[in-house]
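Q: Hello! I am new to this structure and would like a close look at a single part of it.

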Amino acid sequence: MPDKKLFSPLVILNPPLGNLSAEKFLRDHWQKKPLLIRHAFPNFEAPLTIPEIMTLAQREEAESRLIMRRDEIKIHEKNSGKHTDWQMQQGPFKTKDFRAAADSVWTLLIQDTQHFSHEAHQLLQRFNFIPYARIDDLMVSYAVKGGGVGPHFDSYDVFLLQGHGQRWWQISAQQDLSLQPDRPLKILSHFKAEEEWLLNPGDMLYLPPGCAHHGVAETDDCVTWSIGFRAPSQQEIAMGFLDYLRDEIKLDGQYQDGDLQMTSRPGEIGADMLLRVSKMLDEIRAAAADKKRLQQFLGRHLTEPKSHVYFDAPEKILSLRAFTKSAAAQGLMLDLQTRLLYDELSVFLNGEQLCNVDSRDAAWQALADGRALSAVQFKAALPAAQALLYEAYCSGYVHLA
Ligand code: SIN
Ligand code: CO
């Protein structure tokens, strides 16, 4: 049975920004400039130990990567010197994979640790001064001394929180973001460090998108937690919206040209045809400007689980009556993988818009904000909401606390 105190409804703790308020951080740093926060997490307690990280990397559901670097001295006729060979292997891993990496300087990376550990989830929750719609995941990296993923930049904001051991971080505001060709990961061709720091457990570095950075493990037990954000590209949003329209829009009209004029250039696509086709697409243009459609698209899109996420129904499904009784006594919590968001009209759960639900219902807002519902809040929810929560429970989206 999970620890109940982890599931108390919404708790807004002080943002882990040292002496800086969330308002000042957002105004001066967010998406703008880096910030080093010493002792952001005084007495930091890691969500996972090193053996737990190694075990998680062996699980099929976890997205893990092993980055191996081998520095070789090569002597050729024309070209001599030090050559760095980078390799990347995708998990799940077996212990023999770690043994095979032992002749390299390696780093193990695991995405979405908040899906597997309540403590990791709780750590990510410390960043809930930023909307969940902008939060992506809590990644962990575990490296041996000298390990790292090379100098690179990310296209999203990130907080790099030192867990165990120490890591040197170098950063640069350089404009040259050209990448080394033919590498299995993004490595900058010309990284020129402008600032550098040694981070100890509990220290944290915030980097805006596009800021070049290079982290090198200083110790053999170097664990860094990366709080990564979601910044969908314009391409992703446009493609998502077009997919949404494909499913949602049904246009009945047919191309018509009752006033067609005879042509002496039958090979030409005429201007009148272009105009008619443009008119046929008027509804698509209108859809992109229709607030309700955009809200529906965005809610579904932002709550769509990642492709590798699966939910397990409870082993023994309670009846609606038994569920209601238990929820009224214990409360509910969202599954660690569940995405639940609301806007001014609707509630969206794992890619679906909930039918006949008014997002002003306090129960839905409390559940989405706090990711849990106390017994009292459940009892206060409307019977229709309780019935929908039962459906969510049957799908494994929600659990009894
Ligand atoms: C790491 O923790 O090794 C990499 C994180 C990053 O640079 O984004
Ligand atoms: Co990075």
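Which helices and strands do the buried residues of H9 pack against?

A: Happy to help. This is a predicted model, in which local features need pLDDT of at least 70 and side-chain atom pairs count only at pLDDT 80 or more, while totals for chains, interfaces and linings use all residues. Residues are numbered from 1 along each chain as its sequence is written, chains are lettered from A and ligands numbered from 1 in the order in which they are written, and side-chain values use heavy atoms, with hydrogens and water left out.

The buried residues of H9 pack against strand E12 (332–334), helix H11 (375–380), helix H12 (383–394) and strand E17 (398–400). Helices here are DSSP runs of H or I with at least four residues, strands are runs of E with at least two, and both are numbered from the N terminus. Helix H9 itself covers residues 320–330, and its buried residues include Phe323, Ser326, Ala327 and Ala328. Buried means under 20% relative accessible area, exposed over 50%, and partly exposed in between, using a 1.4 Å probe and protein chains only. As background, an α-helix has 3.6 residues a turn, so residues three or four places apart point the same way. Just after H9 comes glycine 331, with a positive phi of about 90 degrees.

Now for H12, one of those partners. The axes of H9 and H12 cross at roughly 105 degrees and come within 10 Å. That makes H9 roughly perpendicular to H12. Axes are lines fitted to C-alpha atoms, for helices over the stretch in contact, and angles run from 0 to 180 degrees between N-to-C directions. Angles under 35 degrees count as roughly parallel, over 145 as roughly antiparallel, 65 to 115 as roughly perpendicular and the rest as oblique. On the H9 side, Leu320, Phe323 and Thr324 meet Gln386, Ala387, Leu389, Tyr390 and Tyr393 of H12, where contact means heavy atoms within 4.5 Å. These residues divide into 6 nonpolar, 2 polar and no charged. In this scheme Ala, Val, Leu, Ile, Met, Phe, Trp, Tyr, Cys and Pro count as nonpolar, Asp, Glu, Lys and Arg as charged, and the others, Gly among them, as polar. Phe323 therefore appears both among the buried residues of H9 and in the contact with H12, and the crossing is roughly perpendicular.

Another helix pair can be set beside this one. Helix H5 (residues 234–248) and helix H8 (residues 291–303) pack at about 110 degrees, their axes 10 Å apart. That makes H5 roughly perpendicular to H8. From H5, Glu236, Ile237, Gly240, Phe241, Tyr244 and Glu248 meet Arg293, Leu294, Gln296, Phe297, Arg300 and His301 of H8. The residues of this contact divide into 5 nonpolar, 3 polar and 4 charged.

To place H9 in its setting, the protein has 12 helices and 17 strands. Its C-alpha trace spans about 75 × 75 × 45 Å along the principal axes. Of the 401 residues, 44% are buried. Among contacts with a separation of 6 or more, 79% are between residues 24 or more positions apart.
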